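Morning, everyone. Please look at the model on the screen while I talk.

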Amino acid sequence: EQRRCGNSACRDLEGRRAGVRAYSVSTGVWVRGVLSEEYGVATEKITWVVDDDDHVEGRAPANVERVTDGRSLGELLRTGELDVALTGNAGTGRAGPPRANWTAAPDEESGADGPYPLFADAGVLSADWYLRTGIYPLHSLIVIRSELAERDPGLPTALYAALAGSKRRHLAADPGWAGLPRFARQARQIGGDPVPYGIGPNEASLRALVRFSRDQGLLDPDFPADPRTFFAEGDYPDA
């Protein structure tokens, strides 16, 4: 039966085996954080099965198990060796060697004999979560080498200004994000900017990512939660 994953149903994940590309991949961090805070799941009681090298070395806890025979997470899910898995590039949407020459594998459609979504109405739930919490699951950051910023302290601000200017030009030509359907869909769901720039609009998300990462052992417990402390000095106005 496909139904909303209520707290008790989600807690059935405890003691199960879940597939994710790497323990420290950002999608996995977000998923575990949501399961923990929204549904009361003790994610440390789940065995996380990975088929890729961790993105943050030396931080994987004891409940992480590595695939060593070359099979993909999709294969393990089909054979029943996994109870649940993330989809897309963070999970079953990849085939082949995990670090090189891998190919995109289409996620299987739900069926009587196949996997089905844990959350049948995931789009509605994700929009509701954002509107309640202000947390938008961040995925990527632009980084520059520290020695470049030390050599030119104005570089971070200049790079941010260039990216913000590029966004403004895009919106001037395509205010509804028609050229980027995923962003257009997200804008409709949240009734606002699908890619807000600046520390202020992203503060709730950044604090949540730090909190989740500390809870999951990926950051030290005393890692600062204030986003302003871990970005290069510079001027980052909302855009």
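Let's begin at Ile46. Setting aside residues up to four places away in sequence, Ile46 touches Leu13, Glu14, Gly15, Arg16, Ala18, Val41 and Asn63. One thing to keep in mind: this is a predicted model.

Take two of those partners in turn. Gly15 sits in the loop between helix 1, residues 7–10, and strand 1. Is Gly15 buried or exposed? Its relative accessibility is 64%, so Gly15 counts as exposed. Beyond four places in sequence, Gly15 touches Lys45 and Ile46. For a sense of distance, take Arg182, which is 167 residues from Gly15 along the chain. Their C-alpha atoms are separated by 34 Å.

Now Val41. This residue lies in the loop between helix 2 and strand 2. Its relative accessibility is 3%, and the cut-off for buried is under 20%. So Val41 counts as buried. Which residues does Val41 contact, leaving aside neighbours within four places in sequence? They are Cys10, Arg11, Glu14, Leu35, Ser36 and Ile46. Ala105 is 64 residues away from Val41 in sequence. In space, the two are 29 Å apart, C-alpha to C-alpha.

On to the core. In soluble globular proteins, nonpolar side chains tend to be buried together. Here, the largest nonpolar core has 26 residues. Which of them touch the most other members? Val20, Trp30, Val41, Ile46 and Trp48 do. Four elements give two or more residues to this core: helix 2 (26–39), strand 2 (47–50), helix 4 (122–133) and helix 8 (203–215). Helix 2 gives the most, with four residues. Apart from this core lies another one, of six residues. Val49, Leu73, Leu76 and Leu82 are among them.

Next, two of those helices. Two packed helices are described by the angle between their axes and the distance between the axes. For helix 2 and helix 8, the angle is about 85 degrees, and the axes are 9 Å apart. Angles of 65 to 115 degrees count as roughly perpendicular. Helix 2 and helix 8 are therefore roughly perpendicular to each other. Who meets whom? From helix 2 come Val29, Trp30, Gly33, Val34 and Glu37. From helix 8 come Ser205, Ala208, Leu209, Arg211, Phe212 and Ser213.

Last stop, the sheet. It is an open sheet of four strands, with parallel pairing, in the order 3-2-1-4. Which strands stand at the edges? Strand 3 and strand 4, residues 84–85, do. Each has a single partner strand, so one side of each is left without a neighbour in the sheet.

Now the pairings. Strand 1, residues 17–19, runs parallel to strand 2, and three bridges join them. Ala18 stands opposite Trp48 in strand 2. Gly19 stands opposite Val49. How does the chain get from strand 1 to strand 2? The chain crosses through helix 2, and this β-α-β crossover is right-handed. Three bridges also join strand 2 to strand 3, residues 64–66, and these strands run parallel. There, Val49 stands opposite Glu65.

Let me tie this together. Trp48 is one of the residues that touch the most other members of the largest core, and Trp48 also stands opposite Ala18 in the sheet. Val49 belongs to the other core and stands opposite Gly19 in strand 1 and Glu65 in strand 3. And Ile46, where we started, touches Ala18 too.

Notes: Residues numbered from 1 in each chain as written. Predicted model: local features only at pLDDT ≥ 70, side-chain atom pairs only at ≥ 80, totals over all residues. Heavy atoms only, no water. Core = buried A, V, L, I, M, F, W, Y, C linked by side-chain atoms within 4.5 Å. Buried < 20%, exposed > 50% of the residue type's maximum accessible area, 1.4 Å probe, protein only. Contact = heavy atoms within 4.5 Å. Pairing = 2+ DSSP bridges. Right-handed = clockwise from strand over helix to strand, strands pointing away. Axes fitted to C-alpha atoms, helices over the stretch in contact; angles between N-to-C directions. Parallel < 35°, antiparallel > 145°, perpendicular 65-115°, else oblique.
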